[in-house]
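The following exercises are to be worked through with the structure at hand. Each task is followed by a solution in steps.

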Amino acid sequence: MKILPLLLFILLGACGAQPAPQFFGAQRTDVTRDGRSYTVYQKGSAVEIIRLGYARRGEHQGIRATMITLIPEVTGCTLIDSSLQGDSGEMRGRLRCPDKAKD
């Protein structure tokens, strides 16, 4: 019975931001903005952003706006607005990135 609390503790520790399966192996960037933490995953021209922590009623619209702002800041790419799906907890979309070969 002493092993059960340890097992639960280990399982809870694994509950951090995890990407969707299509983002396994993606570049991960952790960002804090306005006291709230976000994790951005970029894989090629695809992006996923996850909000960490609790959000109260009335905060979701502002959080969503922050997430949309963070995507180009973190990735250096332009978000294709029509591709954006999700809510203030998790969003996914497509990116238009500059051709780095021209740099």
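**Exercise 1.** State which residues of helix H2 are buried, and identify what covers them.

*Solution.* First, locate the helix in this predicted model: H2 spans residues 60–75, helices being DSSP runs (H or I, at least four residues) and strands likewise (E, at least two), numbered from the N terminus. Second, apply the criterion for buried (under 20% relative accessible area, 1.4 Å probe, protein chains only): Ile63, Thr66, Met67, Leu70, Ile71 and Thr75 meet it. Third, look for contacts (heavy atoms within 4.5 Å): the cover includes strand E1 (27–33), E2, E3, strand E4 (78–79) and E6. Finally, proceed just past H2, where Gly76 takes a positive phi of about 75°.

**Exercise 2.** Determine which strands are joined to E3 by bridges.

*Solution.* First, note that strand E3 covers residues 46–52 and that six of its seven residues are buried. Second, apply the pairing rule (at least two DSSP bridges between two strands): seven bridges join E3 to the antiparallel strand E2 (residues 36–43), and five join E3 to E6, also antiparallel. Third, follow Glu48: its bridge partners are Tyr41 and, in E6, Arg92. Fourth, inspect the hairpin of E2 and E3: two residues lie between the strands, and Gly44 has a positive phi near 65°.

**Note on the values.** Residues are numbered from 1 along each chain as its sequence is written, and side-chain values use heavy atoms, without hydrogens and water. Local features need pLDDT (the predictor's confidence in each residue, from 0 to 100) of at least 70, side-chain atom pairs count only at 80 or more, and totals for chains, interfaces and linings use all residues.

Terms used. Buried < 20%, exposed > 50% of the residue type's maximum accessible area, 1.4 Å probe, protein only.
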